[in-house]
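Colleague: Before we talk, please put the sequence and the structure in front of us, and I will ask my questions afterwards.
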Amino acid sequence: MFDVTTLRKDFPILDRQVHGRPLVYLDSAATSQTPQQVLDAVDRFYTHYCANVHRGVHALAEEATAAYEHARGRVAAFTGGDPRGVVFTKNATEAFNLVAYSWAMERLGPGDVLLVTQMEHHANLVPWQLVQRHAGFDIASVPVTDEGLLDLDVFDEIVGSGRVKLFAVTAMSNVVGTINPVAELAQRVHAANDEAVVVVDGAQSVPHMPTDVHALGADFLCASGHKMLGPTGVGMLIARPELLERMPPFLGGGEMIADVTVQRSTFNEVPYKFEAGTPVIGEAIGLAAAIEYLDDLGMDNVRAHEEQLISACIDALTGIDGVTVHGPQDAARRGAAVSFAIEGLHPHDIGTIMDREGLAVRAGHHCAKPLVRSLGAVATTRASFYLYNTPDDIAALVRGIDATKEFFGVRNVR
Amino acid sequence: MTEDLYHDIILDHYRTPRNRAAELDGSHVHVHHNNPLCGDELDLRLRVDNGSIPTIDAVAYDGEGCSISMASASAMTEAVAGRDLADAEDLAQNFRAMMHGEPVEREDDLLDGIAFSGVAKFPVRVKCALLGWMALRDAISTFRDGQDSSRVVHEEPTL
């Protein structure tokens, strides 16, 4: 296990004050903070070997290319994937769009079902809706139970039809933290239709627990660099290379071609076929440093640390009068995004008062409106934890909730 | 800064709402406004004295939402009760101008509504403060059109 007090020193931002109070950062599910090691790696790129990749023959270009490809290898190793299947994108959202336009639009048509769940982030809903207009398939959804789990009876019924050709599911909910049994679900989808693919949203799971794309049964895995200690502006698609080989390009331009005439082009091999133009070089190098940081800590240790925090947080919040924690109550079944409600108070009011206390929490629908709606809410307040959070942060959250209730005089509402 | 947003008068209207009721005896028009981004829901009912100069005889609001939206609706009802329809519309225009940081001519007529001037510094909360006033304008135009109800969903700027 790692020592949190020591590793917090790697994160310069954790020393800052907000409204005259020490920052308590509880919004890592939106964006994680960046350790000095990542900042240094990005800095080294720009101060020592800044160059475009895969082009020039000079030393800087070769060093930049080596570092960029090293980053690809690092992502592959971290997720159990093949480097030829790793495509750098600008974020996880772009990775979903790539699969939507280059796989779903080509392979799905009338009569096919694209299955999502009610728990998905808009990034794993809207791209499918956009290509549905052209491809004409049906979109079905797995509902969420009152406990915040997927309704597996409905899942089995829909998958049993044999019509599901793409199943898009999150490995970990960004709102209620639920860890879905992706491996088991993927196995059932593949068994019911051997042409089907499984697209896994790893934006929340990859930063917080060990990931093995094969064990998950994921044909495509999408994740995001800035939620796992990396810089903003870099996302990842981890795909089976043989699928990428059969897919048309998503974006066109330089880098992704083999030959070009004014009339037609032939395309580069994978994964370069999907990286049009100058790629996210500095960002990918920063991401590699973030992965190295996580590997040094050990993802099992990161998960164990967070499980302790989740358990303590749920115990603390459910002990407060008028507070309800959404989703699974068992820390073993959930990740570190903890959404809660305070009776009689709107999340935007809660978020504003918490901010005054130095607490950064998220208030809103978390880009997951179907799920938030299923909770019977229009918005939630979410505290989310990462490896640098401590039990002190949970104590601060409890004080923030008390302060908010006090401020609005909750007893008198309605 | 937070004090600009949560002025004591605003908190007072939130904790002790005025003219908050699920029904209004003899109501002529009922509008329902929804702001899906925040999830604020507001019902506004007017009873109109339809004489030579139609006047708001009674007004009631109900709903669910953040403190700013509910308190603003409460303050609005006090400011417009007893005013003729054109006058109330003009006052709504004054409130809107204030929310956009423009000078306000009828400061005194807004009554407690003036306490919301600080909300203009919080762009994401402006629409919360405006919800009740937008419902009022809609209720008046709905009444003038000879209708008795209206439902409005305020568009979301983004996903």
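Colleague: By class, how many residues of each kind does the lining of the largest pocket have?

Modeller: This is a predicted model, in which local features need pLDDT of at least 70 and side-chain atom pairs count only at pLDDT 80 or more, while totals for chains, interfaces and linings use all residues. Residues are numbered from 1 along each chain as its sequence is written, chains are lettered from A and ligands numbered from 1 in the order in which they are written, and side-chain values use heavy atoms, with hydrogens and water left out. Ala, Val, Leu, Ile, Met, Phe, Trp, Tyr, Cys and Pro count as nonpolar, Asp, Glu, Lys and Arg as charged, and the others, Gly among them, as polar. By that scheme the lining has eleven nonpolar, eight polar and six charged residues.

Colleague: Which salt bridge joins the side chains of the two chains, A and B?

Modeller: A salt bridge is a side-chain nitrogen of Lys or Arg within 4 Å of a carboxyl oxygen of Asp or Glu. Between chain B and chain A the count is one salt bridge. At 2.8 Å, N to O, the partners are Asp349(A) and Arg125(B).

Colleague: How many residues does each chain bring to the contact?

Modeller: Contact means heavy atoms within 4.5 Å. On the side of chain B that touches chain A, there are ten nonpolar, five polar and eight charged residues. In the contact, the residues taken number 23 from chain B and 20 from chain A.
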